[in-house]
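Student: I would like to go through this structure and ask what justifies the terms used for it.
Tutor: Go ahead.

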Amino acid sequence: MTRRRKLVAVAAIGLTLAAAIAAWAICRAPDVSGACDVGRLAKIYPDCADVTVPPNIAPLNFQIQEPADKYHVAISSGLDSDSAGRIQIDCRDVDIRIPAKAWHELLGKHQGNSIAVDVYTRIGQGWKRFTRFQIHVAPEPIDSYAFYRLIPPLFKSHRQMALYQRDLRDFDERVMLDNETSLDSSGNSPAEGCVNCHTFLNHRTDKMLLHVRPSAMSSWQPAMLLVQDGKAKRVETRIGKQRGAGYTSWHPSGELLAFSRNILRQYFHADSPETREVVDDDSDLGLYVVATGQVVTDPKISRPDRLETFPTWSPDGKWLYFCSTAMWNPSKEARPDKSFHVRYDLMRIEFDLASRHFGRLETVVSSDQMGKSITEPRISPDGRFLMFCAHEYGSFPLYQNDSDLYMVDLSKLAGQQAASAPTTGPAPDSSPTPLAVADAAPVRLSLNSDRSESYHSWSSNSRWVIFSSKREDGLFVRLYICHIDEQGRCGKPFILPQKDPNFYSRFLMTYNVPELAIEPVTVTQAELVNAINAPSTMPAGNYAPASKL
Amino acid sequence: MITCRDCGPALTKKVISRLTPRQKTLLPVKPLSIQPWLGRVCGMLFFGGIFVYALLGIDSTLRYDWQIRGFSTLPGFLAGFLIYPGGPVEYCARLLCQGYANGYLGALLITAQCAGLAALTHLYIRLLVGRAISFVGYIPALLAICLMSAYDHHLSVVLSVIVGLLLACLFLLAMRRIHNGWLLLAVFVMMLCVGYYLADVAIVVFAPAAALPQLWRHRRWPVVSGVGYLVLAAALPLASQLWLFPSLEFGCKSWFLPEPPEVRVMTWRLLGFLPVLSLAALIYRQLRPDKSATQPGRHLILNNFIPITGAIVVMSCLGVACYLSHMDNAGAKRNLMQDHYACNEQWAELIEFSRTVPTEAYSSQLCWDVDLALCMTGRLGDEMFAFPQERHVNPDDSMVRTPANEYKLAQTCLRVGRANDAEIIAQESITTFMQYPRAMASLAKIYLVKDNAPAARRYLNALSHDLVFGAWATNWLAQLDGDSTLAGNAEIQRLRRQSLPRRDMFPGQGASQTYVAFDSLGTVEGSLQKDPANQMAFEYGMAEIMLSKNLADLIKLAPRIKNMTGPAYVTPDGRRRTPVHFQEALAIYCDKAGPVKIDGFEIEPATLSHMAEFKSIMSTHPDRQQAMALTWKFRKTYFFYNCFGPGDYR
């Protein structure tokens, strides 16, 4: 070996060693063993201390709101002896972004247990250790997809409105339908139209319903889109001048949809923390028969002296739950502040799918008993729990700060069902039978805050609920996920995780109508647009009594 | 910029002297252009003129106020522009538009755009023809300055043309080196895709500019050369919009039919300029392939006359273009200046500006803005009838929905203590005009007044990434960090004191119903019950009563005058006074309904004597026109408005 070659070899070895030392110095975890204890939890945003998460959720990235030069976070089993899968993050930035692969491995390993999060900060040379907090990993996974609408805080115009599909296992978010960028072949859009009311059958997306209400400026027509077997088609729920379907619920058989037909008016408060108000002047329930496209109703669910809304089927399809109150504005000209005393009861009516007959009508929870108005009931897929909103008055919990989520254990109502035999004929003037609900009294859930909690959706395994909450600022709705165990106890909810930990602090859109599903929507935006503009493929409904079907 | 230097190598006199006469004829010759020093001076004067016009004539700060597509350094903001064709240039346009907030920087940016267009056009022609053609580069600069005078979102168009020109120059360079037709086609396709992605509409400039020389070169095979290029260029955006970006908001349609129509013409002048120029240059090259026949220096007078005349023509063209653009856009500029003064609370400037506005251009919006300025300067009760008036002091359905108008209205509502009205209007503005920074700032302040610091923080956090409003937002965030209740902030505390006490509801359908309703005495009373010293509510209430001539309501509101303070109600020596127009209104009422005693409300003898004189003229002259002429000296009084108003009686 010549001298020159020797020099080159030595230089190469030296450079390699230097690079290796530099890499080790950069990558090695800092020595925090001598860190002094602060004796309190670190301030982190979003709050994820002691929350209960599903094992398949995306990393709960967070921001450490403590001043420091350097940050160190260790996520582990909590046992010093068990270092396998330990995640260590070092950064000079306050944003803690957890590696997705390692996070999922750690959650998978500790399913049904807890993981520990240690937060360290360094100012100068000294490390400080904050009190360790736990993240509880539930044994049950959550449905992989959440569907929601993103809108600005709406007042009058309906612009920048879109339906999104979010994969909860990561941060992938896709547009399902956008009211501004959804263009038909002529380049027209719904133009300030409302896209909303997405309803899935049994948490699957192969059968779903979607509502589009274009503005007067648009050349599009109002449309109810029915997606079946991956194909979208336009169906008609309007009869004459009557409004189309509003709130909808699939019958578990997939043969029917219960819907409400509402006459809603918006008002504004000249002075109140919440500026907006929505008043329901009139509402009735009806059924849409998927096979024939017929719209039918029954006097028991469309009484002229009452307002019926928010239909939801029991998982066995034998009961239709809904909210109802006495007609408060028969002339439709009453001042809106007269609605401040209007309170809805939670009712249910027996239904026989074979004969398509409605039977016994019962009051499940009366507003007098609660002292609140009851709205937006949703039943867990196992049929055990019924969750609803309770608030001071009216039917729009989103705009009422005192709206909270309550739950009723329906298993304690089961005995009531056998008390009377179902009636078969319509009985328009029959009064509802109040149920003895002493044992099944509604329980205010611990997931509530002092601001509005409203729209919620169960997971297919009945162990998770995604719900809307304005707890952060009273203006922007954020989505929270909460674990509900077999006994109906709630874990601490956590906010829908985002890649950017600081995302919510400057995100100026509000979440709306969250729904969980086990699979993604396969129909494309273009197909939905084509279906909206296609002629209705179903015959127009005839609004016949259900008994005539 | 467009000097007369040719592409030939510089040869010394010694070398030239050794050449044969025939060799001398092959020497590179000076082009048909002005002398180098004259060219530089002309260029400096031209772009100096553009700078001055941009600074004084266009005033980029007005353009900044008008922008509704904001810019932010928020994470993910850039990524949103990288996912669709034309996004990168739109991002750059929004970034550069932030510089328009400063008049000098804005003028510099406008000049730089014109200079960029001129330089690239000059280079393109040199590459195409083989020599420079003087003055040609100035033409797109003149077209661009006309477009910029229109106060539209022109930046992305100009930047797209620059990208198109740059690609066209690169393609001509490639043409010199690449002789394989297929390889050249591949280069063209690559550049086409790059141009389409960077600045979608750039291909309208690039494709013809690249195709025409090819078409010219391969005239026998036009389909596989130039025509093929043009077909590809037409197919790319159509295919892209059909298959890749079906939901593209700013697609081909918006290229060809940009709004408004007057901008459409100017845009297409700029976009169509280069293809036309390319064709003209190719014909020129064909007609005069060799300029060597003309020897320089042989026509001494001609050689000096042409450059000087050319420079004069260029400067004259600039002057004419600026003058015509300025005249064409005088109305738009006037509206923007009005908005600018009102949005930036330059009340004195707004009042003075309004005096220069001719009657035919004096809009309802200006009436409202001037009344607001008078109110904010404490002059409403004394001077409002010196300015044209409408029937209402607050906007009605006729208000044009622009970001500036909605911002001003929201601010007015907030100032008068109607925070919820302000919130509705500002939120509507955000919904309609996206992330308009002024509306975001307005909302942040509204939520601070409503004592909802977390909601205010959302807007302040987002706004802190705005290049212009960032410092303002950061300052508020620091205040909130210090004290989330803002107890030490006098303005916020005053606005909180004023906010309405009653739980009132009003319908949400129809635009006008969310506007602050001063025509309802109950609303004004409500505001004054909450804060008896709410001077704006009182003055707007009084103004509304006077404008609607419903003086019976005056008696209900007038007693509130005793709670008013400030120079309009207290003289420098501490005596209380009553604004003149209020005196005039009460004098008319008392004249009809009998004397009324209102505590703190005084009618001065001078007012009564004016009324007596006015009445005397009116009673002796039943003819309205004649009476108006005779009482003209009272045109700045309420007596005159009460008889003849509303109207412009300056």
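Tutor: This is a predicted model. In it, B:Leu78, B:Leu82, B:Met190, B:Val194, B:Tyr197 and B:Leu198 form a nonpolar surface patch with about 490 Å² of accessible area together.

Student: What makes B:Tyr197 count as partly exposed?
Tutor: B:Tyr197 has 35% relative accessibility. Partly exposed lies between under 20% for buried and over 50% for exposed, so B:Tyr197 counts as partly exposed. B:Tyr197 is placed in helix H9 (residues 181-199) of chain B.

Student: Why is the contact of A:Arg97 and A:Asp95 called a salt bridge?
Tutor: Their side chains meet at 3.9 Å, N to O. The cut-off is within 4 Å, so the pair qualifies as a salt bridge.

Student: Which of A:Arg97 and A:Asp95 is buried?
Tutor: A:Asp95 is, because its relative accessible area is 14% and buried means under 20%. A:Arg97, at 41%, counts as partly exposed.

Student: What are A:Asp95 and A:Arg97 linked to?
Tutor: They are in a network of salt bridges with A:Asp500 and A:Arg506. The closest N and O atoms of A:Asp500 and A:Arg506 are 2.8 Å apart, and both residues are buried.

Student: Where in chain A does pLDDT stay under 50?
Tutor: Over residues 417-429, with 20 contacts beyond four places in sequence, and over residues 545-549, with 12 such contacts. Where pLDDT is low, the predicted coordinates should not be read in detail. Chain A averages a pLDDT of 85.

Technical notes:
Residues numbered from 1 in each chain as written. Chains lettered and ligands numbered in written order. Predicted model: local features only at pLDDT ≥ 70, side-chain atom pairs only at ≥ 80, totals over all residues. Heavy atoms only, no water. pLDDT = per-residue confidence, 0-100. Contact = heavy atoms within 4.5 Å. Patch = residues over 30% accessible without salt bridge, like charges linked within 9 Å, V, L, I, M, F, W, Y side chains within 5 Å. Areas by Shrake-Rupley, 256 points an atom, 1.4 Å probe, with all protein chains shown as cover. Helix = DSSP H or I, 4+ residues; strand = E, 2+ residues; numbered from the N terminus. Buried < 20%, exposed > 50% of the residue type's maximum accessible area, 1.4 Å probe, protein only.
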